[in-house]
Amino acid sequence: MIEKYSFGTHPETGAVVAAVREGERLPYFTAKGEGEGTRFACPLEKGDIVYGLGETMRGINKRGGRYVSFNSDNPHHNDSMPSLYGSHNFLLVSGERTFGAFFDTPARAVFDIDLSGSGRIDVLCERGVTVYIVEGESCNDIARQFLAAIGKSYLPPLWAFGFGQSRWGYKCEKDIRSVANGYERAGLPLDYICLDIDYMDRYIDFTVNKKRFPDMKSFVSEMKARGVRLVPIVDAGIKIEPGNPVFDEGVEKGYFCKNLEGKDFSAAVWPGLTHFPDFMKKEARDWFGRQYKFYTDLGFEGFWNDMNEPAIFYSEYSKGKAGDRACGDPLYKGGAYLNDYKSFTHDMDGETVPHWEVHNLFGAKMTQASSEGLQKLLKTRFLLFSRSSYIGAHRYGGIWTGDNNSSWLMLRRNFTMMPGLNMCGFLFSGADTGGFGGNCSRELLLRWLALSCFTPLMRDHTTIFTRRQECYRYRGKNDFKSILSFRYRILPYLYSEFMKAALSSDLLFRPLAFSYPKDERAKSVEDELIVGDSILIAPVMEKGAKGRTVYLPEDMTEVRWNGKVFTEIPAAKGEHFVKVSLHEIVFYIRKGKCVPVSKGGTNTSEVDLKDVTLLGDGKEYTQYLDDGLTRDCTAKNLRVITK
Ligand code: MIG
């Protein structure tokens, strides 16, 4: 059961799509103040666990931390960082009383989850908010009700579940070809390569640098014929350049955000000074979406949206100087000046709304614009993932978790974020495998890939300032072959479980306690997760470790992949030390369940999803199966397979 409670007003966020009735009096929380800053407080019992909050640092249990929903481009990820790129204001409190609470507000919100030991959740919403309270029988039930209320997940094509390689710094055809060749020569699988900002003409959206890619259309089809799709980046800002038809139309039709004087707002990002499309405005979204025709005409079927918090290097209002060149400017601090966000406005149905009041929706609305545009332009499903997001954007695309770094902590954060992201709707998500900033060691990359084999988005991405991070650049390719080939073996399960979760508004990743609510010990487990209906994962996330301790809440089947075969052995309930070499993947299958695995392949197109072996001690598995591209995704695509 879901009920909502209003505290002041706010522009519509589009997060909740189900009809929800107004409750009489907000339960669990006390509320003080209205509109301009409402403070909510909820007492916690000692043993209460607080799940959720999507893209945030720290553990699965959010207790003992402070989190600020204010979408930010901050490339220095660490555990005390309050804000990342998305705002996912859903909490699930589990204890004597178990309930969910969604603070639907497009402006800044602060969540203090018992940071100082107050024994309380304190929430501050700077502007109006609608609070949704979700009551249910269990954590699973509450999560599912919330997912049903916010609408079904975006559905990517099958190839998007393949392995992708990316790097900021690939410049031209030759660079891209050499990456594809590197993977091919090493016998390593690959499904797509991302094109970062250097494919563009002076970082201008909807352009291609002709010197670097003289014939992009042929190049896209040449690469696709090899099984490698190219996935261009699209940034939020449109370069100020009269004569560019996209820019000209945007100005003429009034599709850009306005500054405080009512003129088009200027901010410097990669192309130099840009105007931001007013994604809050339907006509501007439609116009922006139509521009993707430039890409679909070239044969692209996948995209990533960046800089849409929006990131600002500096603006006409920034402290310090403003200028036209962003790159290399000493004023660039990896994020915007807060002042900038108080210096422009949106047009929402004819009403002028200060950006500050809807800041957290900007990226989400960009994703909506791209997604709706692509749906009109293409007949099939497409890959789309965004950096910035808000709950609701999960219906339009996936997300990646931004500029992490090559550290063991960030590997762990990739892991701990997954269930929270899922609870907030973002099923299609993943991190920069191997880390964006910093140099990734061979050991870290292998362990990270072993985790990413289970995340829907599996992409190795790194920045221009680090060592090359393609798998074939490391010694001992067989270890990489073993790990990457696992992804293509587990694909039937992963794809099927993803689609089932999406179609039935369910989680793909869940904390152990969601599946074993009566198990006291499961409650505090932060390094194991349930993936889909059948699998428990317990990846190695520690430097130098030969293996790890695994806690099993019931008897299971231990499955070991060594690059050639799967071996299954019974594993008893309780604690075990399990050895896991760098080339191995160990996971567990729950009692009475099955996992379909394929014969493998070096590309998703080579994997026969119908030719599977069932692992585990169960008797049957319900598999979701389609051609990987159709939009006709329903329960009619389910089939039961038996041993
Ligand atoms: O200011 O396009 O998060 O993935 O490689 C940095 C260059 C801009 C940030 C993205 C990252 C991407 C990078 N971008």
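Start your tour at Cys440, which you'll find in the loop between β28 (432-433) and α11. Keep in mind as you click around that this is a predicted model. Is Cys440 buried or exposed? With a relative accessibility of 2%, Cys440 counts as buried. Show its surroundings and you'll see Cys440 touching Ser406, Gly434, Leu445, Arg467, Gln469 and Tyr474, leaving aside residues up to four places away in sequence. Before moving on, draw a distance from Cys440 to His461: the two sit 21 residues apart along the chain, and 11 Å separates their C-alpha atoms.

**Next stop: the ligand**

His461 is a handy bridge, since it is listed among the closest residues to the ligand, together with Asp196, Asp306, Arg387 and Asp403. In total, 14 residues surround the ligand. Now zoom in on individual atoms. Which distance goes with Asp403? One of its polar side-chain atoms lies 2.5 Å from an oxygen atom of the ligand. Arg387 also has an oxygen atom of the ligand to look at, 2.9 Å from an N or O atom in the Arg387 side chain. For Asp306, look for a nitrogen atom of the ligand instead: a polar side-chain atom of Asp306 lies 2.8 Å from it.

**Along the loop from β20 to β21**

Step on to Met307, in the loop between β20 and β21. Check its backbone: Met307 is not a glycine, yet its phi is positive, at about 60°. Met307 is also buried, its relative accessible area being 5%. Stay in this part of the chain and select Pro310, which belongs to the loop between β20 (302-306) and β21 (314-315). What kind of peptide bond joins Glu309 and Pro310? This one is cis, with omega at about -5°.

**Another positive phi**

For a second backbone of this kind, jump to Arg58, in the loop between β5 (49-52) and β6 (65-69). Arg58 isn't a glycine either, and its phi is positive at about 70°. Turn on the surface here: Arg58 counts as partly exposed, with 24% relative accessibility.

**A helix pair**

Now select helix α10 (residues 408-423) and helix α11 (residues 442-452). Their axes are 11 Å apart and the packing angle is about 0°. Angles under 35 degrees count as roughly parallel, and α10 and α11 are therefore roughly parallel to each other. Show the side chains where the helices meet. From α10, pick Trp408, Met410, Leu411, Asn414 and Phe415; their partners in α11 are Glu443, Leu444, Arg447, Trp448, Leu451 and Ser452. Sorted by class, this contact has 7 nonpolar, 2 polar and 2 charged residues.

Stay on α11 for a moment and colour it by accessibility. How many of its 11 residues are buried? The count is 10, so α11 is largely enclosed by the rest of the structure. Glu443 and Arg447 are among those buried residues, as are Leu444, Leu445, Leu446, Trp448, Leu449, Ala450, Leu451 and Ser452.

**Ser389 and its polar partner**

Go to strand β25 (residues 389-390) and select Ser389. Ser389 is buried, at 1% relative accessible area. Which side chain does Ser389 reach with a polar contact? Look for His88: a polar contact of 2.8 Å joins the two side chains. Beyond residues up to four places away in sequence, Ser389 touches His88 as well as Asn71, Tyr85, Gly86, Ser87, Asn360, Ala364, Ile399 and Phe426.

**Two last buried spots**

Pick Cys257, in the loop between α4 (245-253) and β17 (258-259). At 0% relative accessibility, Cys257 counts as buried. Not counting residues up to four places away in sequence, its contacts include Phe265, Phe276, Phe344 and Phe362, along with Asp264, Asp278 and His346. Then stretch a distance line to Glu137: Cys257 and Glu137 are 120 residues apart in sequence, with 45 Å between their C-alpha atoms.

Finish on Val93, in strand β8 (residues 90-94). Val93 is buried too, with a relative accessible area of 1%. Around it, outside residues up to four places away in sequence, you'll find contacts with Leu44, Asp48, Ile49, Thr98, Phe99 and Ile121. One more distance to draw: from Val93 to Ala107, 14 residues apart in sequence, the C-alpha atoms are 23 Å apart.

Methods: Residues numbered from 1 in each chain as written. Predicted model: local features only at pLDDT ≥ 70, side-chain atom pairs only at ≥ 80, totals over all residues. Heavy atoms only, no water. Axes fitted to C-alpha atoms, helices over the stretch in contact; angles between N-to-C directions. Helix = DSSP H or I, 4+ residues; strand = E, 2+ residues; numbered from the N terminus. Parallel < 35°, antiparallel > 145°, perpendicular 65-115°, else oblique. Contact = heavy atoms within 4.5 Å. Nonpolar A, V, L, I, M, F, W, Y, C, P; charged D, E, K, R; others polar. Buried < 20%, exposed > 50% of the residue type's maximum accessible area, 1.4 Å probe, protein only. Polar contact = N/O pair within 3.5 Å; in protein donor to acceptor, adjacent residues only side chain to side chain. Near = heavy atom within 4 Å.
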